[in-house]
Amino acid sequence: MDAENTVRAFYAALGAGDAPAALGLMADDIEWNTMWHYKVDGRGPQKVAEGLLMPLMKEWSAFGLESSEFIVQGDTVVSLGRFVGTHATTGKQADAAYAHVWNVENGRIKRFRQYIDTLAVAEARR
């Protein structure tokens with residue numbers, strides 16, 4: 001699978017609530033960097049699950065990633081879109097623009113970097 005289709009498959013798996021399929025697209029030593037309060041401490045799919053996916057699913061009663069544009073150069077994919085969610089505690093909606101930078105190697109996600117409108121997320125959490 002090429003880089004863009006790997007990233008699209010990741011978003012599709014998350015959208016379907018299939019965390020095992022999403023994690024299965026990651027390299028064993030994936031590096032995951034985010035701008036918000038979730039922190040992935042270490043490398044690997046299990047660390048992503050513990051530091052991001054499980055806390056994200058607890059904190060947001062509903063959420064989605066709506067990618068609107070993909071920019072591809074070799075094994076690097078930039079996806080532009082929006083994180084849209086309902087906070088489980090406050091009930092407030094978040095609508096935050098993001099840029100995700102993905103590096104794919106041998107059909108598996110090797111590195112992820114997130115840039116997001118942290119103010120939009122923070123306002124929904126208050």
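**Close-up 1. The open sheet of the predicted model and the order of its strands.** In this predicted model, 5 strands form an open sheet in the order β1-β5-β4-β3-β2, and their pairing is mixed. Because β1 (26–33) and β2 stand at the edges with a single partner strand each, one side of each is left without a neighbour in the sheet. On average, and with direction ignored, neighbouring strands of this sheet are turned by 25° against each other.

**Close-up 2. The antiparallel pairing of β3 with β4.** Strand β3, which covers residues 76–87, runs antiparallel to strand β4, residues 93–105, and the two are joined by 11 bridges. Within this pairing, Leu 80 has Ala 99 in β4 as its bridge partner.

**Close-up 3. Helix α4 packed on the sheet.** Helix α4, formed by residues 118–125, packs on the sheet and touches β2, β3, β4 and β5 (108–116). The direction of α4 makes about 130° with that of β4.

**Close-up 4. The largest pocket and its lining.** The largest pocket holds about 180 Å³ of space, and its lining is made up of Tyr 11, Leu 14, Gly 15, Gly 17, Asp 18, Ala 19, Leu 53, Met 57, Phe 63, Gly 64 and Leu 65. Two or more residues of this lining come from each of the elements α1 (3–15), α3 (45–59) and β2 (60–73). By residue class, the lining of the largest pocket divides into 7 nonpolar, 3 polar and 1 charged. Strand β2 thus appears in two of these views, as an edge strand of the sheet and as a contributor to the lining of the largest pocket.

Conventions
Residues are numbered from 1 along each chain as its sequence is written. This is a predicted model: local features need pLDDT of at least 70, side-chain atom pairs count only at pLDDT 80 or more; totals for chains, interfaces and linings use all residues. Side-chain values use heavy atoms; hydrogens and water are left out. On a 1 Å grid over the protein atoms alone, a cavity is a set of points where a 1.4 Å probe fits but cannot get out, and a pocket is an open set with protein on both sides within 12 Å along at least five of seven lines; lining residues have an atom within 4 Å of a point. Grid points are joined across faces, edges and corners, and a volume is the space filled by probe spheres set on the points. Helices (H or I, at least four residues) and strands (E, at least two) are DSSP runs, numbered from the N terminus. Ala, Val, Leu, Ile, Met, Phe, Trp, Tyr, Cys and Pro count as nonpolar, Asp, Glu, Lys and Arg as charged, and the others, Gly among them, as polar. Two strands pair if DSSP finds at least two bridges between them. Axes are lines fitted to C-alpha atoms, for helices over the stretch in contact, and angles run from 0 to 180 degrees between N-to-C directions. Contact means heavy atoms within 4.5 Å.
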